[in-house]
Amino acid sequence: MSAPSKTERPAVAQHVAIIMDGNGRWARRQGLPRAEGHRRGVLALKDIVKAAKVRQIKYLTVYAFSTENWRRPQAEVDVLMDLLVEFINSEVSELKSEGVRLDAIGHIEELPARCQEKLAEGMAATRMGRNLVLTLALNYGARREIVDAARALADAVRSGQIETQEITDAVFSAHLSTKDLPDPDLIIRPSGEWRLSNFLLWQAAYAEMYSTEVLWPDFDEKELDLALDAFAQRDRRYGAISRTDQTS
Ligand code: IPE
Ligand code: IPE
Ligand code: MG
């Protein structure tokens, strides 16, 4: 049997995750306040959500606020929280009509009440969306997520619901906030950084990484296509050997 040809690979990644980084540097380069960079970052997100849907990406997960981002000045944190509310206000009807389901991961219950209410409203309004799941990672940190899962499993063992030996990769995954999402195929980080900054550490085990110098506010459809093209060229071996080597 001959090895499958490259053209048999899925043309698009099913789950794309983006670390939306570089808003502050974008603003500094334009001589604008950081808040303006964040505003432009939201515009970029709106365009990328539409572009992802058109490209038949099924899951788009975006890192919007990390558990470490509370270390920023309060005024900047406030701007980011306000932008979340504005994003949902301005987009919810379009997300709904486009069949995009809004979801969130992270400790949402620690966000300001206005954000929690808006998120609940946005998620309820879009719950029937079947084309794309847009997951906002908010007050999200992967280490905390893994610790939460470990605690839940320890409690389950202690109360006799599960045996230690029954804890497998799949069981562990099912205790993460991403339990309803497949692992990301592609993780994109704009602004030239090559680090995960506590994003999806468990889920990224076999994700393809893509970094570009372009700052998030300048990241557009064309940049998304460059990332998807790079993804399509990757040989995902998952520890095995290349499919083209399997007959030799
Ligand atoms: C990403 O842009 C937005 C958030 C982290 C919320 P940054 O604000 O981190 O931008 P840089 O890294 O300072 O350029
Ligand atoms: C990662 O960006 C978090 C988000 C984009 C929300 P950061 O700007 O916070 O990451 P570091 O500090 O450069 O690692
Ligand atoms: Mg940054």
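Visitor: How many cavities of 30 Å³ or more does a search of the whole structure find?
Guide: The model is a predicted one, and the search was run over the whole structure with a lower limit of 30 Å³. The space in the largest cavity is about 60 Å³. The number of cavities found is 1.

Visitor: Which element gives the largest share of the lining of the largest cavity?
Guide: The lining is made up of Lys46, Val49, Lys50, Lys53, Glu91, Glu94, Leu95, Glu98 and Val100. Two or more of the lining residues come from each of α2 (34-54) and α3 (74-97). The largest share, 4 residues, is given by α2.

Visitor: How many charged residues does the lining of the largest cavity have?
Guide: Val49, Leu95 and Val100 are among the lining residues, and Val and Leu count as nonpolar, whereas Lys and Glu count as charged. By class, the lining has 3 nonpolar residues and no polar ones, and the charged residues number 6.

Visitor: Is the aromatic pair of Phe65 and Trp70 stacked or edge-to-face?
Guide: The ring centres of Phe65 and Trp70 lie 4.8 Å apart, with 70° between the planes. Because planes over 60 degrees apart count as edge-to-face, the pair of Phe65 and Trp70 is edge-to-face.

Visitor: Is Trp70 buried or partly exposed?
Guide: Its partner Phe65 has a relative accessible area of 2% and is therefore buried, the limit being under 20%. Trp70 has a relative accessible area of 35%, so Trp70 is partly exposed.

Technical notes:
Residues numbered from 1 in each chain as written. Chains lettered and ligands numbered in written order. Predicted model: local features only at pLDDT ≥ 70, side-chain atom pairs only at ≥ 80, totals over all residues. Heavy atoms only, no water. 1 Å grid on protein atoms, 1.4 Å probe; cavity = no way out; pocket = protein on both sides within 12 Å on 5 of 7 lines; lining within 4 Å. Points joined across faces, edges and corners; volume = space filled by probe spheres on them. Phe/Tyr/Trp six-rings, centres within 6.5 Å; stacked < 30°, edge-to-face > 60°. Buried < 20%, exposed > 50% of the residue type's maximum accessible area, 1.4 Å probe, protein only.
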